[in-house]
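Welcome to this short tour. Keep your viewer open, and select each stop as we come to it.

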Amino acid sequence: MAKEEKARAKKEQVKGKAKEAMGRMVGNEQMTAEGKAEQVKGDARQAKEKGKDTFRH
């Protein structure tokens, strides 16, 4: 389960970066903001999983 969540977090981060870059390229502020939000969501998920790992070991 933890590996799936870590992969999901990484996927959200990468997807968010791509969306943010695309938004900047075309000048779409909403897309840029959505990309940043996805990155933050991925970062939060990753931090949660790292916290779980810390307490498991």
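Start by selecting glutamate 20, which counts as buried at 12% relative accessibility, since the cut-off for buried is under 20%. Keep in mind as you look around that this is a predicted model.

**Stop 1: around glutamate 20**

Colour helix α1, residues 2–26, and you will find glutamate 20 within it. Which residues does glutamate 20 touch, leaving aside those up to four places away in sequence? Show Met31, Thr32, Gly35, Lys36 and Gln39, and you have them. One of these deserves a closer look: the side chain of glutamine 39 makes a polar contact with the side chain of glutamate 20, at 2.5 Å.

Now add arginine 24 to your selection. Its side chain and that of glutamate 20 meet in a salt bridge, 2.9 Å from N to O. Both residues belong to helix α1, and because they are four residues apart, about one helical turn separates them. In general, an α-helix has 3.6 residues a turn, so residues three or four places apart point the same way. Is arginine 24 buried or exposed? Arginine 24 is exposed, with a relative accessible area of 55%, while its partner glutamate 20 is buried at 12%.

**Stop 2: lysine 19 and its partners**

Step back to lysine 19. Lysine 19 forms a salt bridge with glutamate 34, and the closest N and O atoms are 3.2 Å apart. This pair links distant parts of the chain: lysine 19 sits in helix α1 and glutamate 34 in helix α2, residues 29–56, with the two 15 residues apart. Lysine 19 is partly exposed at 25% relative accessibility, and glutamate 34 is partly exposed as well, at 32%.

Next, select glutamate 38. It forms a salt bridge with lysine 19, with 3.3 Å between the closest N and O atoms. Here too the pair links distant parts of the chain, as glutamate 38 is in helix α2 and lysine 19 in helix α1, 19 residues apart. Glutamate 38 has a relative accessibility of 18%, so it counts as buried.

**Stop 3: along helix α2**

Now follow helix α2 from its start. There, a side-chain oxygen of asparagine 28 reaches to within 3.1 Å of the backbone nitrogen of glutamine 30. How many residues does α2 have? It has 28, and from its first C-alpha to its last it reaches 41 Å, close to the 40 Å expected at 1.5 Å a residue.

To see which parts of α2 are buried, select Thr32, Gly35, Glu38, Gln39, Gly42, Arg45, Glu49 and Asp53. Then show α1 again: it is included in what covers the buried residues of α2.

**Stop 4: a network of salt bridges**

How many salt bridges does the structure hold? There are eight. To view a linked group, select Glu5, Arg8, Glu12 and Arg45, which are joined in a network of salt bridges.

**Last stop: a nonpolar patch**

Finish by turning on the surface and selecting Met22, Met25 and Val26. These residues make a nonpolar surface patch of about 330 Å². Within the patch, pick out methionine 25, which lies in helix α1. Methionine 25 counts as exposed, because its relative accessibility is 65% and the cut-off for exposed is over 50%.

Technical notes. Residues are numbered from 1 along each chain as its sequence is written. This is a predicted model: local features need pLDDT of at least 70, side-chain atom pairs count only at pLDDT 80 or more; totals for chains, interfaces and linings use all residues. Side-chain values use heavy atoms; hydrogens and water are left out. Buried means under 20% relative accessible area, exposed over 50%, partly exposed in between (1.4 Å probe, protein chains only). A polar contact is a pair of N or O atoms within 3.5 Å; within protein, one must be able to donate a hydrogen and the other to accept it, and residues adjacent in sequence count only if both atoms are side-chain atoms. Contact means heavy atoms within 4.5 Å. Patches are made of residues with over 30% relative accessible area and no salt bridge: like charges are joined within 9 Å, nonpolar side chains (Val, Leu, Ile, Met, Phe, Trp, Tyr) within 5 Å. Accessible areas come from the Shrake-Rupley method with a 1.4 Å probe; for residues, only the protein chains shown count as cover. A salt bridge is a side-chain nitrogen of Lys or Arg within 4 Å of a carboxyl oxygen of Asp or Glu. The expected span of a helix is 1.5 Å times one less than its number of residues.
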